[in-house]
Amino acid sequence: MPGPSPGLHRALLGLWAALGLGLFGLSVVAQEPFWADLQPRVALVERGGSLWLNCSTNCPRPERGGLETSLRRNGTQRGLRWLARQLVDIREPETQPVCFFRCARRTLQARGLIRTFQRPDRVELVPLPAWQPVGENFTLSCRVPGAGPRGSLTLTLLRGARELIRRSFSGEPPRARGAVLTATVLARREDHRANFSCRAELDLRPHGLGLFENSSAPRELRTFALPPEAPRLAAPRLLEVGSEGPVSCAMDGLFPASEAEVYLALGDQRLSPDVTLEGDALMATATATASAEQEGARQLVCNVTLGGESRETQENVTVYTAVPGQPAQLQLNATENDDRRGFFCDATLEVDGETLRKNESAELRVLYAPRLDDSDCPRSWTWPEGPEQTLRCEARGNPEPSVHCARPDGGAVLALGLLGPVTRALAGAYHCTATNVQGQAVKDVTLTVEYAPALDSVGCPERITWLEGTEASLSCVAHGVPPPNVNCVRSGEARVVEGTLRVVREHAGTYRCEATNARGSAAKNVAVTVEYGPSFEEVSCPSNWTWVEGSGQLFSCEVDGKPEPSVECVGSGGTSEGALLPLAPPDPGPRAPQIPRELAPGTYICNATNQHGSVVKMVTVSAESPPQMDESTCPSHQTWLEGADAAALACSARGRPSPQVLCSREGAPRPQRLRVSRQDAGIYRCLATNAHGTDARIVTVGVEYRPVVAELAASPPGGVRPGGNFTLTCRAEAWPPAQISWRAPPGALNIGLSSNNSTLSVAGAMGSHGGEYECAATNAHGRHTRRITVRVAGPWLWVAVSGAAGGAALLAAGAGLAFYVQSTACKKGEYNVQEAESSGEAVCLNGAGAGAGGGGGAEGATEAAGTAEAPAGGEVFAIQLTST
């Protein structure tokens with residue numbers, strides 16, 4: 001058989017070269033994928049600051065691009081493959097901007113992370129107490145509002161320059177801001193006048209920034225010690241007008257003793273004491289001068305104040321005046337009975353139950369038996385406890401009787417005539433006997449020792465507990481002589497609590513009970529606690545509760561009761577049967593219940609119990625959730641067809657209650673149309689909203705449309721002479737891009753096509769190239785054609801010669817090529833080869849006339865035949881020349 005023609009050899013070589021170049025191009029594309037990049041990818045910005053973000057891609061000609069963020073924007077700069085945008089007033093703790101480009105029908109994305117930090121500009125130490133008792137705890141609390149991220153914060157409590165406690169908050173979530181550090185410190189004497197402060201450190205050095213420090217203003221602590229005992233007061237009981245008497249007041253165990261204040265007064269007269277210190281002991285001495293204006297019973301007061309607390313002692317002092325009276329004369333006729341009888345002039349003055357006497361006496365040697373008169377030995381003595389006194393019981397007689405006073409049971413004996421302390425142990429009945437050589441006299445006397453009231457824990461406990469609904473009375477028994485009167489008043493009120501009370505919880509509180517008698521007073525605080533059984537309130541424990549998924553919310557069920565009831569809520573049916581409902585603790589702490597990921601809705605029975613009873617309540621729990629959209633409910637890439645009925649984006653959201661989804665195009669809004677237009681393509685933002693929040697999705701919408709041959713032109717536009725060159729250009733508008741195919745006149749040879757078939761070229765035009773050319777554009781949505789007529793014209797002789805001389809050769813060559821192509825390559829359909837713009841052998845057109853035709857038109861011009869769809873029944877054979 002004869003071998004292939006040289007033209008066929010060249011066509012096969014061109015085909016193999018095109019396939020090789022295509023495979024090489026595919027390998028290069030596979031080695032260099034397209035990407036999007038965002039710089040900086042991670043940034044840490046001070047709250048309220050600004051930042052430039054650079055969004056770029058290596059895509060040669062991206063279709064569109066942008067930067068998605070919720071932050072405020074100030075300025076934007078753009079290039080072909082990049083854009084830079086300034087973000088200002090950045091305040092959110094954490095945001096994630098998204099850089100995106102549309103390249104080769106897919107979206108390239110790069111996601112960044114921007115976090116903010118705030119310096120510790122405010123460091124606050126909670127004020128300390130004005131005075132703090134030594135040996136008691138006080139609280140140091142430091143607050144740094146807004147500073148963060150908290151995971152980079154360290155707080156330190158200091159005493160002077162010494163660290164007391166230091167805490168780092170590493171591990172806290174990046175969005176956490178602000179911190180509080182609290183410590184309990186035992187007050188010591190060494191802490192008096194010490195300065196306490198708080199230091200905050202925000203260490204951002206691991207993030208390439210600095211260490212930011214700040215400290216609170218120092219606060220001074222004053223400590224003190226004041227014993228519970230009252231000061232010791234010494235003073236004369238009686239003071240004559242115009243005379244002076246020493247007064248002293250002493251107290252031990254004071255710290256700092258130098259800052260203690262002493263108040264010493266006799267009645268309305270304030271004394272000016274001299275205060276001496278010895279270690280922790282204080283002694284105040286003064287001289288009290290009695291004046292005529294003070295005559296009568298006056299109270300001597302000593303008050304010691306330290307650290308805002310006081311201790312006080314009171315004593316009674318009687319100021320009296322002795323006025324001279326008329327002379328007294330006694331005339332008598334002495335008898336033997338008057339021998340050695342004592343005669344005297346006796347002036348007496350009774351002051352505050354005590355008889356003061358001045359006398360002159362003369363004695364007769366008259367002997368007589370003892371006599372115990374009430375004036376010399378009263379039947380009833382009353383003495384205040386404490387100060388030293390002289391007890392006297394004198395008997396009359398000659399010779400002078402001796403007097404002895406003792407308890408009838410042989411107990412205590414009174415030290416008559418001697419100065420000594422008076423204690424309450426001396427109180428009681430005594431048998432006094434006066435004896436001399438003439439006989440004896442007997443008398444019973446009673447000694448009463450008066451002392452100020454005292455309230456102890458037995459007669460008046462510090463804490464009392466009552467049960468609501470029972471009857472109770474607040475009674476405090478005080479020790480003292482004369483018997484004290486005790487009154488109890490609730491703090492902040494003036495009414496005295498008396499009698500039996502029907503206990504209600506409003507009776508709880510602090511009551512001040514004060515016992516008073518003639519010798520002084522004593523006071524004591526009594527804390528009354530009222531306990532009662534549990535009860536539910538709708539406000540604090542609602543009957544209907546909605547749990548929101550992901551909210552971290554716990555059911556708050558606060559129960560009124562004392563002692564505090566324990567509460568448990570258990571499911572009573574359905575999916576909640578036997579399940580425990582997590583409850584929010586009254587005081588959140590480190591042991592708070594774990595936040596549930598899932599919660600079974602249904603009915604729960606809440607039971608509150610304490611030692612006084614229990615109560616139940618039915619709670620209905622329903623579960624809801626915030627909106628959520630993903631690729632399944634709202635695809636990020638959606639395609640519309642131009643000309644179809646206008647429709648909304650295919651976006652929905654999960655959530656309860658059912659969210660409302662609204663989508664809007666970024667930039668220019670989408671106009672209202674009845675049909676889809678290619679101008680509807682773009683970036684859309686879909687926002688799903690319900691009562692529990694929002695969720696957003698970015699959707700890229702592409703609009704595809706049918707092909708239209710927008711331009712079909714010849715170059716040169718005029719006629720072409722035989723042997724000349726001409727080019728036909730076909731431009732189509734379509735998405736996805738259209739495939740271009742041609743139909744040429746029968747017998748037109750040596751036709752070249754560009755790589756995408758958009759250009760048909762002929763070199764050395766012949767008459768067979770004249771005629772109607774049709775360009776067809778095809779994609780998945782349809783096909784569109786357009787025709788143009790080409791005329792080849794020249795000198796008549798040249799045409800005749802060429803027709804006679806070359807007709808046979810051309811006819812034979814055309815017939816042979818047509819037969820070969822039609823028998824081997826010209827099958828129905830389209831074929832892909834690499835560029836072969838000048839290879840006529842690689843082009844197969846209209847198989848119906850490969851060897852026909854020859855002569856061109858006679859008018860020497862090209863003209864478009866308009867547009868038309870491909871004729872029904874007309875078969876078109878074409879090789880599609882495109883790069884893959």
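Q: In E62, which residue is the bridge partner of Ala-777?
A: This is a predicted model, where local features need pLDDT of at least 70, side-chain atom pairs count only at pLDDT 80 or more, and totals for chains, interfaces and linings use all residues. Residues are numbered from 1 along each chain as its sequence is written, and side-chain values use heavy atoms, leaving out hydrogens and water. Look across from E61 to E62, strands being DSSP runs of at least two residues, numbered from the N terminus. Ala-777's bridge partner over there is His-784.

Q: How many bridges join E61 to E62?
A: E61 covers residues 771–779 and E62 covers 782–790. They form a hairpin, with two residues between them. Strands pair if DSSP finds at least two bridges, and for this antiparallel couple the count is nine.

Q: Is Asn-610 buried or exposed?
A: Asn-610 sits in strand E50, residues 602–610. Its relative accessible area is 11%. Buried means under 20%, exposed over 50% and partly exposed in between, using a 1.4 Å probe and protein chains only. So Asn-610 counts as buried.

Q: Which residue has its backbone nitrogen 2.9 Å from a polar atom of the Asn-610 side chain?
A: Counting heavy atoms within 4.5 Å as contact, Asn-610 touches residues including Gly-533, Gly-561 and Lys-562, leaving aside those up to four places away in sequence. Tyr-532 is another of those neighbours, and its backbone oxygen lies 3.0 Å from a polar atom of the Asn-610 side chain. The backbone nitrogen at 2.9 Å belongs to His-612.

Notes: Helices (H or I, at least four residues) and strands (E, at least two) are DSSP runs, numbered from the N terminus. A polar contact is a pair of N or O atoms within 3.5 Å; within protein, one must be able to donate a hydrogen and the other to accept it, and residues adjacent in sequence count only if both atoms are side-chain atoms.
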